Amino acid sequence: MQLFRPGANTIATLVIAAIGATPVLAVGLSYQLMRSPYVTDQHVTRNQPVPFSHEHHVSGLGLDCRYCHTSVEKARFAGMPPTETCMTCHSQIWTNAQMLAPVRESLAKGQPIAWTRVHRLPDYVYFDHSVHVAKGVGCTTCHGEVGQMRLMRQAAPLTMQWCLDCHRNPAPHLRPAEAVFDPNWHAPKDQAEAGAKLAATYHIHTDHLTDCTICHR
Amino acid sequence: MSQVLVPQQPPAHRWISAERADDVAITQAIADPLFTGFGKRWWLALLATMPFVLWLLVSIVWLFYRGIGIWGVNSTIVWGVAIANYVWWIGIGNAGTLISAMLLLTRQKWRASINRFAEAMTLFAVAIAGLMPIIHLGRPIYAYWLAPYPNTMALWPQWRSALVWDFWAIVSYLLFSILFWYVSLIPDLATLRDRAPRRGARLVYGAFALGWRGSAREWSRLRTLHSTMAALGVPLVCSVHSIVGLDFAASLMPGWQESIFPPYFVVGAMYSGFAMVVVLAAAIRWGLGLQAIITSRHFDAMARILLMASIVMFYSYATEWFMGWYGGEHADRAMVSFEFIGTYAPLYWALLTCNCLVPQLLWWPFARRSLPLLILVAIAINIGMWLERILIVWNTLSHGYMPALWRSFHFTFWDWSFLIAPLGLFAFLFLLFMRLIPSVSMFDMRELAHEEAAA
Amino acid sequence: MPPLTELPTRPEPARRSKLNRRQALSLLATGMASSLAACSKPDQQILPYVRMPERIVPGEPLKFATTLGLAGTGRGVIVTAIDGRPIKVEGNPRHPGSLGATDVFAEAAVLSLYDPDRSRTILHEGAISSREALQGALASQLADARSRQGDGLCLLTRRTTSPTALRQIDGLLEAFPAASWHAYDPTDDDNARQGSQLAHGRPLNGVADLAQARVIVALDADPIGHGPDQIRHGRGFAMGRSDANSFSRLYCLESGLTLTGAKADERLALRPEAIERFAMSLARELGAAQGATELPEHERALLRKSSADLSAHKGAALVMAGPTLPKEVHALVHWINAKINAPVRLIEPLDRTPSGKQAATLEQLAGDLAAGRVRQLVIVGANPVYDAPADLQFGARVQQAPFRLHMGEYVDETAALATWHVPQHHPLEAWSDLRASDGTASIVQPLIRPLYGSHGIHELLASLAGQQDASAYDLVRQTWHSAATGDFEAWWQQALHDGVIAGTSAAAVTPAAQLPPMPGGEAWDTRAGNMTLILRPDPCLWDGSFANNAWLQECPKPLTKQVWGNALALHPDDAARLGVASGDIVTIGAGDRKLDVPVLSEPGAAAGVGTLTLGGGRHSAGAIGNGVGANAFALRSADNRWRIPGASIKPTGRREPILTTQNVVRTPDDVRELYPLYQLGHTPAAAASDDPPSLMPRTVQSSDGHAWAMVIDTSVCIGCNACVVSCQAENNVPVVGPEQIAMGRDMHWMRVDVYDHGAANGLPLGFQPVPCMHCEHAPCEPVCPVAASVHDHEGLNGQVYNRCIGTRFCEANCPYKVRRFNFFGYADGEEYANLGADSYRGQKNPEVTVRARGVMEKCTYCVQRISGARRSAERDNRTLGPDEVRTACQNACPTRAISFGDLNHTDAEINRDKADPRHYALLGHLGTRPRTTYLADLRNPAEE
Amino acid sequence: MTATLVAQFLDAETLQAALQRVKSTGHAALDAFTPYPIDGLAEQLGLDRSRIRVAMLIGGLATAAFAFGLQWYSAVIDYPIDSGGRPLNSWQVFLLVPFEVGIFAAALAGVIAFLRSCRLPRLHDALFEIPGFERATQDRYILVAASEADPSDLRTVLTEAGAVVVTELRAP
């Protein structure tokens, strides 16, 4: 006797096909997910206790990065400005601005301003700003068009893949020493050979740059 | 239990000891119990295995929560029961496919009665074996890092590691075994579909039977496929356990770095596997009343194979000792003497007794024919083979190149858990299999019956 | 390690297990929290300073020179602080007591700083009290004391060389003429002082210079053993052996095995009485007209050799006597040294006040207490209730004094009996000053504001003298105002920067040494009832004051590798005679004093002598130290401090497994294969390379020119463990605790293997520090399925913790067994006892990952230091110097046995060592091509 | 007008004999259904040779090649890592994984080829309508034959050959 309706044949075939297809799709999807901003926080803008605008201070007033991030050339940590640094100017201008109240309060109470971290690497990754800066990797290379950001956002995915892309082939991203802190720097036409030359002058050896021990220890 | 096939002494035929063994009788004997059920005995057995399954689950949860420190492993003896279990189970898992594939290729008719449940045994054993390396990890959640997949770390597995070979060997072997087993199952599923009294069962079996009708084309194609798979299966099985052997042989520790390991692991696998088949065959024969189909001839044949394997095992051990001494490396010689007089010497002697001495009983026909005796021998062999595996791990790691760090293993409750509980899980799965799927291949039996009748 | 079925028996298991359970639960909580967090990443915050402190660059290390004391003697150190947290102690090359190296105690000091068990508040009768209340109480007591010229006011300090403290005590004794000052240090050697009294008519300290000595005869003395002079003597010993042409020879006669004995060229294990006899015979050989007794043959042979050597090397020969020998023998040794013009500088004692006052003894104090003559007792930094000789019954007598003030870092046994307890600063929190054993003074400067409400001893002494709120800073500066040359501020900055005060080393005095009267060499019998018991400071816990330091508790004792406890070392024959084996608990009886302690069979011990170390059996030490080991002070009597004759040893039938981290290797084949030992003049012609042929590429060469390697000279390794603890501090290596040790688990990245070449008579012993070998053909790497164990281009065998999934194949396949696995979260939520306390986080080195549960870890050649050096070199665009990178173990080593550097730098020290004929690779025949290699041991036995 | 008859036999031998008779009498033997494989039946029915083995060979080799290529690319090109000084292209050990997955892939390819050549899965099929057809998987040997001309001739051929039941299959 007949157990199944004619449609069953198609269904059965589809089921078998699905068994084969599912794993492939699952891996593909999860990979896309891991790369997506949902996981990497790329392009995520975060709220800050004080709505500090890099656009205003960098593009508008033309402050140098190092004015606030003082240790970027000598330490792993680029450095966050102490409240004092803000007050050097803001004890003179915008002294009563409402949005600066937390800053004045911080100085008065002696309590730090709690900024929200924007760029976050895992604890087991040892990133050193000073060396990158010394080797001609500019601020905006990783931090993006800071000069255009009202509130700070994470420009790069900060995945290991992304780090490796540059560690394997830094040349396209290298700048002459004087341009490292230039927020408006853009790669010249001849970056191809210029970068290669810079890599040589900076003594950058790429094979060593992909060693695990460079970033993990 | 329906006694359709009445066994008689002396047996009517070589491999079937029943006079009236036509298609109907065989079909009834094997298929009908699945519809009528096995009664209380089966339920009791299933109930008995439940606590073990629960025990295993609890152990695994506690292991993941607390970490592998709950085992007796230490800074020097970093491996323990999990690894021994892995090798032991994969060994048993190898036998099923090996048996049915090799016997198929060598045209051994009697395979018909045992290949189905031997292959089922393979599936369950390999599944349990595959569990072991994962729970043995310090950070099991990252086990998937052994697989090559696109990831944002831009990293790949380290292909030179024997563990990666293991990973692929097990995955390939498990999937292969499932296909091999399922393909030969399709016609029987069709029989069940056409014989099942209730519509529900008919639908389920029917779906899995894929609409098999037993046409000449289907049969010839199935045979081609099945025999070719068998031809591929034999090298696969050998390679799988050789790779397990490489886990140790590819190292440079005394007692591990030995070129004999891969072949000797394969033989060991077949050895313990056949021993397990003997036990299961006896169980099924008694449980399903298949005395007519699984005859004492079968046990006799398997006993001979056990005897042969035990001799090869002894030869392998002897080779180990000889090479250890002949190589002249100080550490290797120290290792050999440590095996005999060291911390685990009693276990080592027990191993030699179980694997080399006890099976010699099988030289005597009465021992091969007496089922209880044969079962005892088989169990002894399985114990001996587990001891062999754990001692391979313990001896070398306890007595390496640095005497300052010679230590010994401290067996904990959780080591016992992971040694015993999986046996319960295995029994549980096997009982389910017996209840849902014909434990003996019906179409093979029909064919055999006709050939026997003709002969 | 023998299989251990039961776990070590320690008190209050309930409380400790409860602790663990609580930690497990908190782990669960944090685990769940973090797993939730993983789903919805919570915002992290950055808190910048409000005002930037001077000189601090976030995350960048700062180094300051200061001084750490041991038994009142200073060892100059340089402490690294990151973001204001002291995290690592290293030696100060300018300081004569440190010479750029450290010992275990200095290394471990930084852990004690963060100990949550430290005393935090002033206590009155055990209840929390206030500073004001204390000042009130003190005021009235002082008024009372002043009214009777200070009669009844007793000050008990440890032996101290702090000029400021001594100056203050002078002031105090002026203010209270009738007051008395007592000093007690449980590791003091009174016999030496009295010996000098006998020989020179006044107590003098001898400062021996081992570097100058071609011949050294140690009579039950342990110059290179643990103690204030270990680093100096160790360096001297090494320098005396640096040149094959002027290679020193070390004779050692000792009652119990010591580091000196282990490294000796000629050694004899004798009962102390026999050593006395030998000393007298030695004196006679050198012209003393008396003290002749017959010696057994083997002693006579050694006497001939040693006396010949001594007289042959006048001016470069040296005899040393240990604390177990009576004052007469010490005097005799003074006489001998004078006779052979030994390189020993005699200096005035350093523990006297400027006005020359010497502290009275503890016995006198005990007497006064018993007689009820003490009205106010002020105990500063001492813990006599625990460590006073038992027969003084200090615990009972101290309560005779109505007012008892105790100042200490912990609420210890003495604090419990005091009416007032004042928490004391940790040395890294205080201003003070100390002298090295040669008299050189140096400043103790704080690295961090006091973590708890503790106070300094100088403030306390000041307030006793009536100065309230005087600051230690000013007091110390006052002390040195006079010494300053030129502008004081400049001088002061210099003194702080250098870590030593120039020109303060004591002047040598040269009195005539006269031959003292000889004691009658007493006879003894060797019945079981009559053993001689020798006490020694513990190589890890010293006198028990470090008992709550987990690093030191888990630091394997150099010669037995025992951890978490002490044991009575007996010669195997004695043990057999008593029917006991290692691990059996015996009752030691000395007079009416008793102690239960496990036995440890030690082939190096002298027959008829049992050796036990101090520092165990604390019950108010803290969560770590409580109830670990047996308290040897319970057997001590005031007149026999180091040597207790007529001790009885009875088996109890109970057992307690001896916890060890590894075995002392005594199997002859292995010893020969793994630890080659040559005799001077019999070294191989050239360094042998036993690399087998290989199909694999030769070696890993770095593109930017570095190829790191390490060479360890076993001939000068004295097994002091400084490298082990230094590595632990530098690399955040966790402590696992006794239960885990009993399971056979440990975490030390650096271990020191002990090899016994004599097997039978137990000598000579050799030490072999074993870090990761960083094999060029590393067996651990190809077996890792996820490439967590990989090589980098500079030859480092890197371990990537965050990639590790814990297959443990690498350790299984490591022939050297140098890898360590986190079976539990030893540093990550499942810490032992109180080691999970937040305060300990302060010590963690931020440059090194704290490893999680389930990952493998191991020595990285201090990759963070290599990386740091490389990055700073790249920052200012220069190349790394040959020996610019120094590993933690290398820096700690007192004898400079460890050299580390870049093989590609031809002028690196490492390459000189590689050319040495004694150079060999451990298990080189396996073809692993280790980057860590060794120089074979070298001994210089005397020919007949 | 053609008729298709379905004849049921009690054992394989009668079936094969009947098959010969049908063919010799100029009728067309379409297909046979048996409870177990019967040697030579396929040949008698003149079925084409199967290409399953070819499919298995191709599937196996292709996958093995891919597996080796993946290893080589990842270990030599994409992220070369020095592992214990072994050569980046350790081709000897890179052969193991391809072998394992190759065999599995061959089996998989075989199964797919088998399903396609038998046009399985076919849960719904006209033959299942035939009364008694379900016994083809148990104890009946069924022959399906067709005749161009008068079906009654074929029917007699079959009955004489020993068919226990002969039914006519009507095209729906």
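A residue counts as buried when its relative accessible area is under 20%. Thr4(D) meets this criterion in the predicted model described here, because its relative accessibility is 18%. Thr4(D) belongs to strand β1 of chain D, which covers residues 3-9. Leaving aside residues up to four places away in sequence, Thr4(D) touches Leu30(D), Val144(D), Ala145(D), Ala146(D), Thr167(D), Glu168(D) and Leu169(D).

Chain D also meets chain A, with 12 residues of chain D in contact with 14 residues of chain A. About 1,200 Å² is buried between chain A and chain D, and carbon and sulfur atoms account for 56% of that area. On the chain A side, Met1(A), Gln2(A) and Asn9(A) lose the most area to chain D, and together they make up 44% of what that side buries. No charged pairing of the salt-bridge kind spans this boundary, the count between chain A and chain D being 0 salt bridges. Polar contacts do occur there, with 7 residue pairs counted between chain A and chain D, both residues being at pLDDT 80 or more. Two helices of chain A, α1 (7-35) and α9, each supply at least two residues of the side that touches chain D. The largest share of that side, 5 residues, comes from α1(A). Sorted by class, the side of chain A that touches chain D has 8 nonpolar, 4 polar and 2 charged residues.

We can turn next to chain B and chain C. Their contact takes 50 residues from chain B and 60 residues from chain C. The area buried between chain B and chain C is about 4,700 Å², with 59% of it given by carbon and sulfur atoms. This interface has 2 salt bridges. In a salt bridge between the two chains, the side chain of Arg66(B) meets that of Glu830(C), at 2.2 Å from N to O. Polar contacts between chain B and chain C amount to 37 residue pairs, with both residues at pLDDT 80 or more. In chain B, α2 (40-66) and α5 (162-183) each provide at least two residues of the side that touches chain C. That side of chain B divides into 29 nonpolar, 15 polar and 6 charged residues.

Over all chains, the structure holds 89 salt bridges. Side chains of opposite charge can pair when their charged atoms come close. In chain A, the side chains of Arg150(A) and Glu55(A) form a salt bridge at 3.2 Å, N to O. This pair links distant parts of the chain, 95 residues apart: Arg150(A) is in the loop between α8 (139-143) and α9 (160-168), and Glu55(A) is in helix α3 (residues 54-60). What does relative accessibility say about Arg150(A)? Arg150(A) counts as exposed, at 60%, whereas Glu55(A) is partly exposed, with a relative accessible area of 25%.

In chain B, Arg368(B) and Asp300(B) meet through their side chains in a salt bridge of 2.9 Å, N to O. Arg368(B) lies in helix α13 (residues 365-369) of chain B and Asp300(B) in helix α10 (residues 296-327) of chain B, so the salt bridge ties together parts that are 68 residues apart in sequence. Both Arg368(B) and Asp300(B) are buried.

Chain C has a salt bridge between Asp387(C) and Arg158(C), whose closest N and O atoms are 3.7 Å apart. Asp387(C) sits in helix α12 (residues 384-387) and Arg158(C) in the loop between β7 (153-157) and α4 (163-175), so that distant parts of chain C, 229 residues apart, are linked. Asp387(C) counts as buried, with a relative accessibility of 2%. Elsewhere in chain C, salt bridges that share partners bring Arg159(C), Asp188(C), Asp190(C), Arg193(C), Asp351(C), Glu363(C) and Arg641(C) into one network.Chain C also contains an open sheet of 4 strands, in the order β34-β27-β36-β35, with mixed pairing. The edge strands are β34 (898-902) and β35 (919-920), each pairing on one side only. Strands of a sheet pair through backbone hydrogen bonds, either parallel or antiparallel. Strand β27 (residues 708-713) of chain C is joined to β34(C) by 5 bridges, and the two strands run antiparallel. Within this pairing, Trp708(C) stands opposite Asp902(C) in β34(C).

Notes:
Residues numbered from 1 in each chain as written. Chains lettered and ligands numbered in written order. Predicted model: local features only at pLDDT ≥ 70, side-chain atom pairs only at ≥ 80, totals over all residues. Heavy atoms only, no water. Contact = heavy atoms within 4.5 Å. Buried area = accessible area lost by both parts, 1.4 Å probe. Salt bridge = Lys/Arg side-chain N within 4 Å of Asp/Glu carboxyl O. Polar contact = N/O pair within 3.5 Å; in protein donor to acceptor, adjacent residues only side chain to side chain. Nonpolar A, V, L, I, M, F, W, Y, C, P; charged D, E, K, R; others polar. Pairing = 2+ DSSP bridges. Buried < 20%, exposed > 50% of the residue type's maximum accessible area, 1.4 Å probe, protein only.
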